[in-house]
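Me: I'd like a close look at one part of this model, the packing in its middle. Could you walk me through it slowly, with the terms explained as you go?

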Amino acid sequence: MRHLVTGAGSGIGAALTRRLHERGDELVLLARSEERAAELRTACAGATVLVADLARPEAVESLALPERLDSVVHAAGIVELGPVAELSVDDWATQLRVNLVAPAALTRVALPALRAARGTVVFVNSSAGLTAHPRWAAYAASKHGLRALADSLRGEEAATGVRVSTVFPGRTATPMQEKVHEQEGKEYDAGQWIRPETVADTILHLLDLPRDATVPEVVVRPA
Ligand SMILES: NC(=O)c1ccc[n+]([C@@H]2O[C@H](COP(=O)([O-])OP(=O)(O)OC[C@H]3O[C@@H](n4cnc5c(N)ncnc54)[C@H](OP(=O)(O)O)[C@@H]3O)[C@@H](O)[C@H]2O)c1
């Protein structure tokens, strides 16, 4: 199988990429920078690594994608907490661009290849995509939007055989969660949270699902 993964250099995306690489699947990885791309080429021998800064979603339009993709996994994302009274236009716009507009643009660009393989699109959402708490407005809005994108796409592509799944992880022990703790002024203990490998295995299940079923949404919470 051939997969396109964003956010492959860290956290959940990195855990998924390791799993796929270990079992010999073909990888097309999207990195934010040349530096990260070089790391990924070393870690995942044989992978195609493309560079696009998703804060500029138009950058995905010139990507050279393969003709067939069994999946596109949107794992890249950013978070910036703050009350509405303080969030800047840039805080809003950057989170919306990376977490929502870029996945939409990349999905559009990848759709011919996904249709050719009757592939699966997986959006890594968040529990913040289901409930918006104080100080999470911009991130939660981007993730609520991401759910809407997935729901529309699922209906639009049903006839083409492209399946669309959203995964809603709760707090997961990654660099993003460390940053969230910093912004919340809380001490970070990775052992309290979901392991990124557990979320990766959930995604893997969606990618390997037999053709008789589709899983529109999965919620994964810390136990
Ligand atoms: N951690 C959690 O508690 C949690 C919970 C629910 C949902 N999520 C979601 O899970 C997904 C993965 O998050 P994570 O926790 O694994 O975070 P992470 O460790 O910070 O990884 C985020 C990835 O996104 C990439 N990225 C960020 N901005 C980018 C940009 N402008 N262009 C291209 N790539 C960019 C990063 O690239 P670099 O490698 O260059 O840094 C990194 O590879 C995100 O969508 C996040 O919202 C996380």
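Which of the 30 residues in the largest nonpolar core touch the most other members?

Reply: First, a bit of housekeeping: this is a predicted model, where local features need pLDDT of at least 70 and side-chain atom pairs count only at pLDDT 80 or more, while totals for chains, interfaces and linings use all residues. Residues are numbered from 1 along each chain as its sequence is written, and side-chain values use heavy atoms, leaving out hydrogens and water.

Now to your question: Leu 54, Leu 63, Leu 69, Leu 114, Val 121 and Phe 123 touch the most other members of that core of 30 residues. A nonpolar core here is a set of buried Ala, Val, Leu, Ile, Met, Phe, Trp, Tyr and Cys residues joined through side-chain atoms within 4.5 Å. Buried means under 20% relative accessible area, exposed means over 50%, and partly exposed is in between (1.4 Å probe, protein chains only). Two or more core residues come from each of strand 2, helix 3, strand 5 and helix 4 (137-157). Helix 3 gives the largest share, 9 residues. Helices (H or I, at least four residues) and strands (E, at least two) are DSSP runs, numbered from the N terminus.

Let's zoom in on Val 121. Apart from neighbours within four places in sequence, Val 121 is in contact (heavy atoms within 4.5 Å) with Val 72, His 74, Thr 107, Leu 114, Leu 153, Val 162, Arg 163, Val 164 and Ser 165. There is also a second, separate core of 27 residues, and Val 5, Ile 12, Val 122 and Ala 200 are among its members.

Next, Leu 106, which sits in helix 3. Leu 106 counts as buried because its relative accessibility is 1%. With neighbours within four places set aside, Leu 106 is in contact with Leu 4, Thr 6, Leu 30, Val 60, Leu 63 and His 74. Leu 106 and Leu 54 are 52 residues apart in sequence, but their C-alpha atoms are 9.3 Å apart in space.

How does helix 3 fit into the fold? Helix 3 (residues 89-117) makes a right-handed β-α-β unit with strand 4 and strand 5. Right-handed means that, with the strands pointing away from the viewer, the path from the first strand over the helix to the second runs clockwise. In strand 4 (residues 71-74), Ser 71 and Val 73 point one way, Val 72 and His 74 point the other way, and all are buried. Strands 4 and 5 pair in the parallel sense over 4 bridges; two strands pair if DSSP finds at least two bridges between them. His 74 stands opposite Phe 123 in strand 5.

On the other side of the story, 3 bridges join strand 4 to strand 1 (residues 2-6), which run parallel, and His 3 has Ser 71 as its bridge partner. Strand 5 (residues 120-124) is joined by 5 bridges to strand 6 (residues 163-169), again running parallel. There, Val 122 has Ser 165 as its bridge partner.

Stepping back, these strands belong to an open sheet of 7 strands in the order 3-2-1-4-5-6-7, with parallel pairing. Strand 3 (48-51) and strand 7 (217-220) are the edge strands, each pairing on one side only.
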